[in-house]
Amino acid sequence: MAAQTVKRFYKLVDVLALPSGRFAVTLDGRRTKTPQGKIVEIPNGDLAQAVAAEWDSQKGTVVRNTMHLTSLCNTAIDRPPMVMESQTPKTLLEFLHTDTLCYRSAEPASLAELQTAEWSPLVQWWEQTFQAPLMVTESLFGPRQSAQAVAAATKYIEGFGWGRAGLGMCVDVLRSFVLASALIEGRIDAGTAVRLARLETEFQIQRFGEVEWAHPIDRAGTTSRTAAAAFFARCTRTVPE
C-alpha cells in the first residue's frame, strides 16, 4: 500500500488546553480535524503531547501512515463503521480462539521447545490474571476456548471506551489476545510482544537468514504500531465512547 503523503503545510505545532478539560493539537494555531471534518479533542494530556510530537516529527512531507496515534484518535472520534465492527467483543474474541500463543508446533523439536519456553509463561500469566484456563494445542483445528475464558476476555474488552481502538490494533497486529493484554497491562514491552508474535518467523530467520531490507523494516513497523496502540489504550481506557 502506498504511503499517504502530503507536503508539510505548517510550521508550529502546539497543544491547547480546552475549557472542557480536553486538549487540542494546533498547527499554526489551527486545531486539527478528523477525516470527517470533526474537531479533534483529546481526553488525555500525555496523549495530546504524543500526537503533537507525531505532527512535529514530519519533515518536509507528512506521511500519515506513520502517525498511528493521530489515526487512533480520528478513529475514536469518527467511528467509521468498518473499523468499529473490527473492535466489537465478538470480533476480538475470535483472536482468543485462534491465539498465536495457544497454537504450538509439533516439529521441529527445537521450535516446539522454544515456543514452550517463551510462550508458556505468558499463557500462565493470563490464566492467573484473568482467572480462566486457556487450551493449548498442536492442531490447526484445535478446540474453542472455554466459556470461562471467553467471559473473562469479554469483561476485559468491555472495560475499554476510547481505548478499545488501541486494544483492537494490538490484537490485530500481534494476532494474539494474550500478547495484547500482557502488553497493555505492562507485563511486557512492545519489542518483546512483537518478538514473541514473530517467534516462528524469527526462528526461521536464524536458520535460513534474513532478507536484508525486508525483515528489519517489517519488524520496526510492527513494533511502532504496537507501541502506539498500547499507549493509546492505556491513556484512553476509561474514556466513554
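In the predicted model, strands β2 and β3 form a hairpin in which five residues lie between the two strands, and G21 in the turn adopts a positive phi of about 95°. The two strands of this hairpin, β2 (residues 13-17) and β3, run antiparallel and are joined by five bridges. Within this pairing V15 stands opposite V25 in β3, while A17 has F23 of β3 as its bridge partner.

A second hairpin is formed by β3 and β4, with two residues between them, and here the turn residue D28 has a positive phi of about 55°. The pairing of β3 with strand β4 (residues 30-31) is again described by the antiparallel sense and extends over two bridges, with L27 standing opposite R30 in β4. Taken together, the three strands form an open sheet in the order β2-β3-β4, with antiparallel pairing. The edge strands of this sheet are β2 and β4, each of which pairs on one side only. As for β3, which comprises residues 23-27, the strand is mostly covered, four of its five residues being buried. In a regular strand, side chains alternate between the two faces of the sheet.

At the level of the whole protein chain, the secondary structure consists of eleven helices and five strands. The radius of gyration of the protein chain is 19 Å, which agrees with the value near 18 Å that a compact globule of 241 residues would have. The C-alpha trace spans about 60 × 45 × 30 Å along its principal axes. Of the 241 residues in the protein chain, 47% are buried, and the accessible surface comes to about 12,500 Å², with 54% of this area belonging to carbon and sulfur atoms. When contacts between residues at least 6 apart in sequence are considered, 61% of them join residues at least 24 apart. The charged side chains number 25 positive and 25 negative, and the centres of the two sets lie 8 Å apart.

Among the helices, α4 (residues 89-97) has P89, L92, L93, F95, L96 and H97 as its buried residues. These buried residues pack against four further helices, namely α5 (109-130), α6 (147-158), α7 (164-174) and α8 (177-184). One of the residues concerned, F95, has its place in helix α4 and is classed as buried because its relative accessible area, 13%, falls under the 20% limit. Apart from its neighbours within four places in sequence, F95 is in contact with V171, D172, R175 and F177. By contact with V171 and D172, F95 thus meets residues in the range 164-174 assigned to α7. The C-alpha atoms of F95 and L114, which are 19 residues apart along the chain, are separated by 22 Å.

The surroundings of α4 can also be described from the side of R164, a residue that lies in helix α7. R164 is buried, since its relative accessible area of 11% is under the 20% limit. When residues up to four places away in sequence are not counted, R164 touches Q87, T88, P89, L92, I157, E158 and E241. Of these partners, P89 and L92 are also included in the buried set of α4.

A contrasting degree of cover is found at T66, which is located in the loop between β5 (61-63) and α2 (68-78). With a relative accessible area of 43%, T66 is partly exposed, because this value lies between the limits of 20% and 50%. With residues up to four places away in sequence left out, T66 touches E54 and Q58. The C-alpha atoms of T66 and S224 are separated by 8.5 Å, although the two residues are 158 residues apart along the chain.

Terms used: Residues are numbered from 1 along each chain as its sequence is written. This is a predicted model: local features need pLDDT of at least 70, side-chain atom pairs count only at pLDDT 80 or more; totals for chains, interfaces and linings use all residues. Side-chain values use heavy atoms; hydrogens and water are left out. The radius of gyration is taken over C-alpha atoms; the globule rule is 2.2 Å times the number of residues to the power 0.38. Buried means under 20% relative accessible area, exposed over 50%, partly exposed in between (1.4 Å probe, protein chains only). Contact means heavy atoms within 4.5 Å. Accessible areas come from the Shrake-Rupley method with a 1.4 Å probe; for residues, only the protein chains shown count as cover. Lys and Arg count as positive and Asp and Glu as negative; His and the chain ends are not counted. The place of a charge is taken as NZ of Lys, CZ of Arg, CG of Asp or CD of Glu. Two strands pair if DSSP finds at least two bridges between them.
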